[in-house]
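User: I have a model open and want to talk it through. Can we start with the charged pairs?

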Amino acid sequence: MKKIKILFAAMSAAVLFTGCKSDDDSSTSEFTPKGVTTLNVDVVLPADIRTQWQPSIDWALANLSKAQQKQDYQVKLNLRYHDEDTENLDNLAYKLANPEKDDDTCHAIIGPYHSTNAKTILRYAGRNRLPVIMPTCTSSELQRTNARNTHTWFLTESDITQCEIMVTGVAKMTDVDVALVYSDDTYGQSFHDWFGYYATERQLHMAGDGIMAYENGTDLKPFLDGLAADCKNGRLVVCFALSDAASYKNATEQVRQWYEKIKNDGKKLELQVILSDTALDDQVIQSTGMFFNYGVSPTASSKYGFPQSYEARFGRAQKFGEARIYDALTMLALGAAHQRVKGENCTVAGREVKYYEKPYGPTLTDHIRSIVASDAGLTCGWEAEGLARAFSEIAAGRDIQVTGASGSLNFDHESYTKVLGTDYMFWRVDTEQGSRVAKPILYISTESSNTQASTTSLWELDKMWTPNYEDVAVHHNLPAVTDRWAVVISPSTTWSNYRHQADAFAMYQLLRQHGYADDHIVLIVEDNLANDERNVYPGQIFVERSSDPAAASDQFVNEDVRKGAVVDYKFSDLQLSDLADIMTGRSSDRLPKVIHPTATSDVFFFWSGHGGSTEGPLWGNEDADDYFGKDRIRNIVAEMAGQTGGTRQYRRMMFAIETCFSGHWGDALKGLPDVLVLTAANEQESSKADMHDSSLGVYLSNAFARTFRRQIDAKNDITIYDLYRELFKTTRGSHVSIYNQQEYGSVYSERMSEFLPK
């Protein structure tokens with residue numbers, strides 16, 4: 001996870017005012033360049049956003065012109081505007097990627113403004129790696145699916161980071177409980193997926209139901225009543241991430257009325273409300289009935305002087321996105337200058353740029369990547385003087401380090417197209433001269449480093465567990481193990497959920513390789529992917545693909561995990577009650593294949609699919625109506641434990657659950673003897689896919705299942721605790737959790753060879 005730097009607004013005076021000098025205070029003289037490179041740049045924005053951004057666009061073009069006035073070879077940007085709200089974007093994107101005339105070639109696209117429109121533009125631009133620079137597209141799903149595309153540029157971190165910033169701000173308060181209300185749409189999804197994760201990281205108690213989906217007009221009172229009843233500290237912070245001004249007006253008015261009523265009723269509760277960036281809207285701020293305290297929004301870094309220079313120049317604060325379109329324009333111009341000098345000799349972070357499909361050689365986007373990937377050379381700023389130094393250094397064939405108007409312009413270290421550092425501001429609404437205005441009170445910046453799982457929870461776990469469990473084992477006088485059985489299930493049936501069935505097939509293969517006979521495994525998958533018309537590898541299923549020869553030596557990389565697998569049941573042929581019969585050995589004409597464990601058997605259970613926030617694993621796809629149910633899974637295991645009058649049917653049992661909110665099952669199985677549960681997420685978190693394949697257009701695997709396979713394949717006698725640590729460190733976006741270890745034994749000494757002996 002990123003480390004967060006927090007700076008109070010009062011400190012913003014200590015900045016570099018390198019951009020405050022007027023652009024008109026130096027004289028120009030006649031100079032004729034030897035050559036001019038003209039880039040056709042198509043800018044796709046709503047008309048009103050173009051109007052808001054025009055001052056920064058004109059400023060950037062003026063500074064680029066001034067910076068090159070003594071250069072022998074110059075770059076000119078020819079901007080062609082398209083209204084994002086009225087254009088047929090599918091037709092526009094096709095036309096830009098397939099120009100009818102050479103002089104009509106599109107060299108780059110800036111925009112779109114909205115994440116929902118970006119997929120259309122990117123689909124066509126990707127065919128010839130036409131650079132698409134998006135100043136404000138923050139959808140986490142869009143950024144995840146395009147993370148490896150070298151032509152796709154994101155200049156603002158995703159809403160995942162904004163969610164982190166929001167929770168970080170809450171964590172700075174003392175003794176507070178927290179909750180989230182999010183819009184039930186694309187915008188709110190990132191907050192829904194990550195809020196619980198960051199609350200856990202910051203060790204915040206989530207009151208009541210914790211998280212609630214909202215549509216304009218939803219009655220918030222039952223949710224708020226639940227928060228108040230469960231608030232442990234008497235201080236409550238409710239965060240809102242809603243899509244539009246109308247929703248904010250309705251929701252916060254409900255909060256105001258509710259809070260006034262409970263105060264009148266004598267309830268002692270301190271309440272704070274924090275809003276996301278979409279609330280930084282005059283319609284919201286000027287609404288007299290609004291009830292809130294704070295908001296958070298991305299902003300340009302004050303460290304390099306752009307906000308201060310902008311306000312001095314234009315007499316108002318910058319709008320969100322203005323600094324980023326300024327950076328987009330300068331990046332294109334610098335990239336074009338670099339392309340003229342370096343041509344086909346282009347390296348990114350020391351690696352030569354090569355492609356195995358057209359266009360084979362480096363394109364403009366690669367030369368931009370080469371510039372921002374450099375960690376050597378002269379540091380050049382965003383203002384005219386800094387850009388002049390940049391063009392001179394590039395012309396001389398030297399590397400540069402770029403600092404932009406929005407910030408340091410450090411990008412991810414895989415594609416060098418996704419910005420790693422974004423500045424955010426916490427703002428408060430005050431009344432000045434009868435008007436409500438948003439005023440910054442706190443600046444927060446993310447360090448420019450690749451996101452990594454935090455080790456904080458691991459340290460806390462060590463601190464809690466080591467004194468109590470390091471040398472302690474639960475002794476239930478267990479007999480020697482005589483055999484092992486496994487149930488592997490994926491309830492997903494659709495192409496978009498490819499990863500769930502793929503992980504189930506891979507787990508089946510792992511079990512076979514580590515000692516399980518096929519007649520001791522029940523494999524339940526729909527098995528409809530291999531022959532799906534969208535499968536460009538007919539008959540095959542993959543969990544990992546790589547063109548790197550070194551990677552291909554790893555287990556399961558480029559391996560067909562379906563090969564040789566014996567599918568016992570298609571998921572769609574089963575009923576909810578069937579799993580109990582399969583696990584307890586009650587065979588029938590309809591269920592001929594079941595497991596037959598005894599008190600000397602070890603039983604392994606793996607489930608990969610979707611889950612819901614109430615009870616965890618769903619019986620079906622993400623739109624399934626049925627939970628499998630916490631009570632149902634507990635009743636099955638309790639029966640196998642001999643607690644319902646029968647004989648015991650396992651010696652030890654391990655569950656590995658890869659679903660959103662899978663911690664619900666861990667909690668449900670607490671107290672059952674000799675049962676251990678590993679989950680990809682806790683009770684309040686979704687689980688994330690992270691192995692996307694562009695040729696198939698789907699995610700192939702989840703980090704939890706992939707790390708589990710790799711660790712067992714490398715060392716099957718790894719301790720349970722060491723396996724847990726690796727799972728925790730490599731599973732991003734959710735907290736891998738372990739449950740019921742007190743009833744199982746010492747996770748420091750018990751080993752996975754218990755279940756995977758070879």
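User: Which side chain does E270 meet in a salt bridge?
Analyst: That of R235, at 3.2 Å from N to O. Bear in mind that this is a predicted model.

User: Where do E270 and R235 sit in the chain?
Analyst: E270 is in strand 10 (residues 270-275). R235 is in strand 9 (residues 235-241). The two are 35 residues apart, so the pair links distant parts of the chain.

User: Are they buried or exposed?
Analyst: Partly exposed. E270 has a relative accessible area of 48%, and R235 has 23%.

User: How many salt bridges does the structure hold?
Analyst: There are 27. Among them is D265 with K261, where the closest N and O atoms are 2.9 Å apart. D265 counts as exposed at 55% relative accessibility, while K261 is partly exposed at 48%.

User: What about D532, which residue does its side chain meet?
Analyst: R534, in a salt bridge of 3.0 Å, N to O. D532 is buried, with a relative accessible area of 18%. R534 counts as partly exposed at 46%. Elsewhere, D602, R651, R652, E750 and E754 form one network through salt bridges that share partners.

User: New topic. How many disulfides does a search of the whole structure find?
Analyst: Zero.

User: Why is there no bond at C163?
Analyst: Because the closest cysteine sulfur, in C239, is 8.0 Å from the sulfur of C163, too far for a bond. C163 counts as buried, at 0% relative accessibility.

User: And C346, how far away is the nearest cysteine sulfur?
Analyst: The sulfur of C380 is 18 Å away, and C346 is in no disulfide. C346 is buried too, at 1% relative accessibility.

User: On to packing. Which residues touch the most other members of the largest nonpolar core?
Analyst: L77, F306, L332 and F411, in a core of 57 residues. Helix 11 (residues 322-342) supplies the largest share, 11 residues.

User: What does L332 touch?
Analyst: Leaving out residues up to four places away in sequence, L332 touches L39, V41, L77, A108, I110, I133, L364 and I368. There is also a second, separate core of 52 residues, which includes W495, M654, A656 and V736.

User: Last one. What pLDDT does the protein chain average?
Analyst: It averages 86, and 90% of the residues score at least 70.

User: Where does pLDDT stay under 50?
Analyst: One such stretch is residues 8-28, for which the model has 35 contacts beyond four places in sequence. Residues 448-473 are also below 50, with 52 contacts beyond near neighbours in sequence.

Conventions. Residues are numbered from 1 along each chain as its sequence is written. This is a predicted model: local features need pLDDT of at least 70, side-chain atom pairs count only at pLDDT 80 or more; totals for chains, interfaces and linings use all residues. Side-chain values use heavy atoms; hydrogens and water are left out. A disulfide is a pair of cysteine sulfur atoms within 2.5 Å. Buried means under 20% relative accessible area, exposed over 50%, partly exposed in between (1.4 Å probe, protein chains only). pLDDT is the predictor's confidence in each residue, from 0 to 100. Contact means heavy atoms within 4.5 Å. A nonpolar core is a set of buried Ala, Val, Leu, Ile, Met, Phe, Trp, Tyr and Cys residues joined through side-chain atoms within 4.5 Å. Helices (H or I, at least four residues) and strands (E, at least two) are DSSP runs, numbered from the N terminus. A salt bridge is a side-chain nitrogen of Lys or Arg within 4 Å of a carboxyl oxygen of Asp or Glu.
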